[in-house]
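This report goes through selected local features of one protein chain, from a helix residue to a pocket and some backbone details. The sequence and structure are shown first.

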Amino acid sequence: MSNQFLPLDVHASAMNEMRSHGEDAFPNECCGFFYGEENNGLRVVTLAKRIDNVKEGDQRRRFEISGKDYLNAERFAVKEGLTLLGIYHSHPIHPAIPSEHDLAVAMPWFSYIIVSVEPEGVDHVRSWQLTPERKFEEETIK
């Protein structure tokens with residue numbers, strides 16, 4: 001892996017929010033947005049915000065974000081002087097590796113944090129970003 005992306009610097013409060021959201025939603029997938037700033041390519045995540053998983057039916061293996069929630073996330077970022085850096089979601093009883101569905105709906109530039117949750121709690125957290133070839137490459141989390 002060439003790792004063309006700089007590390008993602010995630011503040012503890014934002015990481016704790018993503019981890020606790022994954023545990024709270026278990027055994028279903030959770031989802032949300034994270035915000036911060038980008039300076040010289042370094043992404044600093046200062047805030048994570050939960051949103052509802054609007055996927056109809058079984059939410060244990062899939063999440064969906066409503067268009068309204070996405071629009072509200074963009075508006076919130078502008079209002080607060082932040083940058084919408086990406087989307088987080090959980091993988092209950094599954095590694096924090098993007099699925100084919102994750103790849104199909106991913107957008108360039110965003111970071112994608114995945115929280116792997118087991119019955120005992122969070123197992124691990126990883127972050128990914130799309131390459132120009134539309135493949136996920138892992139970002140280091142600081």
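In this predicted model, alanine 12 has a relative accessibility of 53%, and because exposed means over 50%, alanine 12 counts as exposed. Alanine 12 belongs to helix H1, which spans residues 12-25. Glutamate 23 is eleven residues from alanine 12 in sequence, and the two C-alpha atoms are 16 Å apart in space.

**Helix H2 and its two faces**

Helix H2 (67-80) follows a loop that begins after strand E3 (42-51). H2 is made up of 14 residues, and the distance from its first C-alpha to its last is 20 Å, close to the 20 Å expected at 1.5 Å a residue. Which residues of H2 are buried? They are Asp69, Ala73, Phe76 and Ala77. Viewed down the axis of H2, these buried residues fall within an arc of 100°, so they line one face of the helix. The general geometry fits this pattern: an α-helix has 3.6 residues a turn, so residues three or four places apart point the same way. On the face of H2 turned away from the buried side are the exposed residues Gly67, Lys68, Arg75, Val78 and Lys79. The cover over the buried residues of H2 includes strand E2 (31-39), E3 and strand E4 (83-92). After H2 comes glycine 81, with a positive phi near 70°.

**Glutamine 59 in the loop before H2**

Glutamine 59 sits in the loop between E3 and H2. A polar atom of the glutamine 59 side chain lies 2.9 Å from the backbone oxygen of lysine 55. Leaving aside residues up to four places away in sequence, glutamine 59 touches Asn28, Glu29, Asn53 and Val54.

**The largest pocket**

The largest pocket holds about 210 Å³ of space. Its lining consists of 13 residues, and those nearest the centre of the pocket are Phe63, Ile65, Ile87, Val105 and Tyr112. Two elements, E4 and helix H3 (100-105), give two or more residues to this lining. Of the elements, H3 gives the most, with three residues.

**Backbone details in loops**

Two residues other than glycine have a positive phi; the table lists them with their places and accessibilities.

| Residue | Phi | Place | Relative accessibility |
|---|---|---|---|
| Isoleucine 93 | near 50° | loop between E4 and H3 | 46% |
| Tryptophan 109 | near 85° | loop between H3 and strand E5 (111-118) | 34% |

Are these residues buried, partly exposed or exposed? Isoleucine 93, at 46% relative accessibility, counts as partly exposed. Tryptophan 109 is also partly exposed, with a relative accessible area of 34%. Both values lie between the limits of under 20% for buried and over 50% for exposed, so neither residue falls into those classes.

Where is the cis peptide bond that involves proline 27? This bond runs from phenylalanine 26 to proline 27, and its omega is near 15°. Proline 27 is located in the loop between H1 and E2.

Key:
Residues are numbered from 1 along each chain as its sequence is written. This is a predicted model: local features need pLDDT of at least 70, side-chain atom pairs count only at pLDDT 80 or more; totals for chains, interfaces and linings use all residues. Side-chain values use heavy atoms; hydrogens and water are left out. Helices (H or I, at least four residues) and strands (E, at least two) are DSSP runs, numbered from the N terminus. A polar contact is a pair of N or O atoms within 3.5 Å; within protein, one must be able to donate a hydrogen and the other to accept it, and residues adjacent in sequence count only if both atoms are side-chain atoms. Contact means heavy atoms within 4.5 Å. The expected span of a helix is 1.5 Å times one less than its number of residues. Buried means under 20% relative accessible area, exposed over 50%, partly exposed in between (1.4 Å probe, protein chains only). The arc is that of the directions from the helix axis to the C-beta atoms. On a 1 Å grid over the protein atoms alone, a cavity is a set of points where a 1.4 Å probe fits but cannot get out, and a pocket is an open set with protein on both sides within 12 Å along at least five of seven lines; lining residues have an atom within 4 Å of a point. Grid points are joined across faces, edges and corners, and a volume is the space filled by probe spheres set on the points.
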